[in-house]
Amino acid sequence: GSILARVNPETGGDLWNTRFANVPATDVSRSLLCAGTRAWYAADGSLRCFNVETGLIEWEQYLGFSNDLWQILDLGTALGIIPRNGKSGAGMLLCEKESGQFLQRIPLAGMGNRIDARTTAAAPLLIGEHKLVRLK
C-alpha cells in the first residue's frame with residue numbers, strides 16, 4: 001500500500017490517513033522509520049518526514065535515484081539512507097533528522113550489489129556481499 005494512517009486504539013478507526021508514496025510501498029519494515037512524534041519514509045527518490053500526531057509532511061528531501069529501494073538507519077541526530085537494490089555506487093546519504101538537510105554522502109564502494117543495515121547495541125552495521133562496515 002501507500003497509505004500511512006494513525007489508528008484510534010479504542011475504536012480501531014482512523015484518526016487520520018495520508019498518502020505517503022506515489023507508488024505502492026515495498027519492504028516497509030526497512031524503508032519506514034518511526035521514533036517519537038515522527039515517521040520517515042524513503043521512496044520515489046525522496047525522504048519524507050511525517051508528524052504522526054497530524055499526518056502532515058514536515059519536510060521532504062530529494063535523494064535521487066527514484067527507482068531505488070531505500071533503507072533508513074537512525075543514527076542519533078542524523079538519518080542514514082542506503083539504496084538496497086544494487087546501487088551501492090550511490091553511497092549512504094546522511095540527512096539531519098530534524099530538518100532533512102543533506103549532510104554527507106559516504107561511498108560504499110566494494111560492498112557488492114546487495115547492502116543491508118542493522119542497528120546493534122554497539123553501533124549500526126552495513127552488511128555487504130563482500131564486507132562488513134561498522135559505523136561510529
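**Note on the predicted model**

1. The protein has an accessible surface of about 7,300 Å², and carbon and sulfur atoms account for 52% of that surface. The model is a predicted one.

2. The protein contains 1 helix and 13 strands. In sequence order the elements read β-β-α-β-β-β-β-β-β-β-β-β-β-β, with the helix following the second strand.

3. Of the 136 residues in the protein, 44% are buried. Taking contacts between residues at least 6 apart in sequence, 29% link residues at least 24 apart.

4. One open sheet has 4 strands in the order β3-β4-β5-β6, and the pairing is antiparallel. Its edge strands are β3 (32-35) and β6 (57-62), each of which pairs on one side only. On average, neighbouring strands of this sheet are turned by 15° against each other, with direction ignored.

5. Within that sheet, strand β4 (residues 38-43) and β5 run antiparallel and are joined by 6 bridges. One residue pair to look at is A43 and S46: S46 in β5 is the bridge partner of A43.

6. N51 belongs to strand β5, which covers residues 46-51. N51 counts as buried because its relative accessible area is 17%, and the cut-off for buried is under 20%.

7. The side chain of N51 has a polar atom 2.7 Å from the backbone nitrogen of E53. Apart from neighbours within four places in sequence, the residues in contact with N51 are W16, T37, L56 and E58.

Note on methods
Residues are numbered from 1 along each chain as its sequence is written. This is a predicted model: local features need pLDDT of at least 70, side-chain atom pairs count only at pLDDT 80 or more; totals for chains, interfaces and linings use all residues. Side-chain values use heavy atoms; hydrogens and water are left out. Helices (H or I, at least four residues) and strands (E, at least two) are DSSP runs, numbered from the N terminus. Buried means under 20% relative accessible area, exposed over 50%, partly exposed in between (1.4 Å probe, protein chains only). Contact means heavy atoms within 4.5 Å. Accessible areas come from the Shrake-Rupley method with a 1.4 Å probe; for residues, only the protein chains shown count as cover. A polar contact is a pair of N or O atoms within 3.5 Å; within protein, one must be able to donate a hydrogen and the other to accept it, and residues adjacent in sequence count only if both atoms are side-chain atoms. Two strands pair if DSSP finds at least two bridges between them. Axes are lines fitted to C-alpha atoms, for helices over the stretch in contact, and angles run from 0 to 180 degrees between N-to-C directions.
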